[in-house]
Structures are given as structure tokens and as C-alpha cells.
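Reader: I'm new to this one and would like a quick tour. Could you take my questions one at a time?

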Amino acid sequence: MKDQFNRTINYLRISVTDRCNLRCVYCMPAEGVTPISHSEILSFDEIMEVVKKAVSEGVNKIRITGGEPLVRKNIVELVRMIAELEGVSDLAMTTNGILLPKYAIDLAKAGLQRVNISLDTTDPARYREITRLGDIDLVYKGIAAAREAGLNPIKINCVIKKSALEPDAQLVAKFCKENDLQIRYIREMDLENGQFWKVQGGDGGDCKTCNRLRLTSKGMIKPCLFSDLEYSVRELGAITALETALNEKPKNGTISKKNNFSGVGG
Ligand code: SF4
């Protein structure tokens, strides 16, 4: 499908939960965010209604995000439901990796193809400081589990302040080189002030060639991360919400006062 600026929109990012087992300083306040109530969270069947419509219109790339997607109950089942859909050629997940030892093999069997794992430093004390809760050894075990399960490629999402030359980013780059992992540098974004940059090593943040729509865990279809435009699947129905989001997709991002990364999935 094409938007009004003739961009090909073939990518749907699905945030399946706003909850997370970490509290990264650039994403969530220390106390976390007030979780969305279960009744507000889309069921798998509701998510699949959107996915089926999107795939029938040309979406072939799906990414599952959160919060932390692996804290969503029965997440392997949703992966299976999406993977079984004809037309999905690329099914990926963005995760902090901590629960991968528990789920990697089942996810791969269910049809997940690849993962992006968040790692902003290899210094254990810094990792604890950045994530407020995390144990870096669990991420290493997660990377090993993903590799063992055959999820490929494994990309490392490294959040930077300004430059890939920052000490933490350099540590991650060295780790990725030594372990044959692809690294992507994501500069810290500021939704309220409209500050964002292209992802280094990825394709996010380039409005000219933007190919994505987002589905939030509350059932909002968002044409753009840096915009407050959103269309409710429950109010409008999956088809109208998708079509409206496509037709209203802005030429480029500006600001968002409504969004937070844990609720939209970056
Ligand atoms: S800011 Fe909006 S239009 Fe630009 S790349 Fe991000 S989602 Fe696409």
C-alpha cells in the first residue's frame, strides 16, 4: 500500500504490552508508568484482525515490540498466529533479551525469524545504572539462547546520547565484533520536542522513505511516532482505523505529547 506521499507502507510494528521487566532511564521513570488495564489491552484475536487486514493490503514485515514483549502471556501463540499468515515474509521481535533463555526455542519453532536485543553497554555496573534493574549476564544468556534457537540475524540495539564514539557504545561495538553480531545505534529521542535521528545501521527515523505504521497495545493505529494522530481499532474497526492511518500519515514527524516509548514500542 502507498500513502499520500507515494511511500510504500509494508511494515507494521505491534506493541503487545506497555509493561516491562526493566526501567531504562531513557524510556521509563524509576517508578514505571501506570500500566494499562487488561481490559484495555488488545486481545490476540483483535491484533490478528489488524494484521490480517494489513497483510492483505501489502504489509509483509512485522515487528513485535513492547514494553517488553516477552512479558505478555502466551506471546509464543501470537507469534505462531502471525507466522502462519501467508504474506508475512519478515517476522521479528525487539526485546531486552532477559527472558529469551526461556522462550527462544519456542519462538523460533513458532515462526519468529530474527531478534533485536537491547544492549547499551557491556559494563555490568553501567548496565544496572541504565536499566535500573537489569543483570547483564541474563542478556548474554539471552543472546546465546537466540543464537542456539537459530534466530538470525541477531541485531543489537544500542541507545546512544549523541555519538557511537561514546565509551558505552564503543564497548558494545567491540562486543558485537567479537561475537559476530550486527549493531544499530539509536540516538535518544525526545517525543515532546520532536528530536529524532536516523537509526545508524537500520532504517528507522528517515521520514522520506518511512514504510511503517504502528499498532499500540491499547489498539491505536499510529501513522507516525512523532505525531499525536491515532485511530482506535475498537472504535473504528480494524479496516477503517488502518485505512485512515494510512491516508493521514504525515509527510514527516513533528512532535508527540501523547506517546511514551513503553506504550508505543519505539
Ligand atoms: S518520524 Fe514518523 S514519518 Fe518520520 S520516520 Fe518516524 S514514523 Fe516515519
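Reader: Where is the place of Glu-40?
Author: First, this is a predicted model, where local features need pLDDT of at least 70 and side-chain atom pairs count only at pLDDT 80 or more, while totals for chains, interfaces and linings use all residues. Residues are numbered from 1 along each chain as its sequence is written, and side-chain values use heavy atoms, with hydrogens and water left out. Helices (H or I, at least four residues) and strands (E, at least two) are DSSP runs, numbered from the N terminus. On that scheme, Glu-40 sits in the loop between strand S1 (11-15) and helix H1 (44-56).

Reader: Which residues is Glu-40 in contact with, leaving aside its neighbours within four places in sequence?
Author: Contact means heavy atoms within 4.5 Å. Glu-40 and Ser-217 are 177 residues apart along the chain, yet 8.1 Å separates their C-alpha atoms. With those sequence neighbours within four places set aside, the contacts of Glu-40 are Ser-217, Lys-218 and Arg-234.

Reader: Is Thr-122 buried or exposed?
Author: Thr-122 is found in the loop between strand S4 (114-118) and helix H4 (124-131). Not counting residues up to four places away in sequence, Thr-122 touches Ile-136, Tyr-140, Leu-171, Val-172 and Phe-175. Buried means under 20% relative accessible area, exposed over 50%, and partly exposed in between (1.4 Å probe, protein chains only). Thr-122 has 18% relative accessibility, so it counts as buried.

Reader: Why do the buried residues of H2 end up on the same side of the helix?
Author: In helix H2 (residues 75-83), the buried ones are Ile-75, Val-76, Leu-78, Val-79 and Ile-82. They share one side of H2 because the arc they cover around the axis is only 160°. That arc is taken from the directions from the helix axis to the C-beta atoms. As a rule, an α-helix has 3.6 residues a turn, so residues three or four places apart point the same way.

Reader: And what covers the buried residues of H2?
Author: Both strands and helices turn up here. The cover includes S1, H1, strand S2 (61-65), strand S3 (90-95) and helix H3 (100-110).

Reader: Which residue does a cis peptide bond join to Asn-152?
Author: Most peptide bonds are trans. One cis bond joins Gly-66 and Gly-67, with omega about 5°, and Gly-67 lies in the loop between S2 and H2. For Asn-152, omega is about 0°, and the partner lies in the loop between helix H5 (136-149) and strand S5 (154-160). That partner is Pro-153.

Reader: What is the phi of Asp-180?
Author: Most residues other than glycine have a negative phi. Asp-180 is in the loop between helix H6 (167-178) and strand S6 (182-187), and it is exposed, with a relative accessible area of 69%. Although Asp-180 is not a glycine, its phi is positive, at about 55°.

Reader: What radius of gyration does the protein have?
Author: The radius is taken over C-alpha atoms, and the globule rule is 2.2 Å times the number of residues to the power 0.38. For 266 residues, a compact globule would come out near 18 Å, and the protein agrees with that. Its value is 17 Å.

Reader: How many helices and strands are there in the protein?
Author: We've met several of them along the way. The full tally is nine helices and nine strands.
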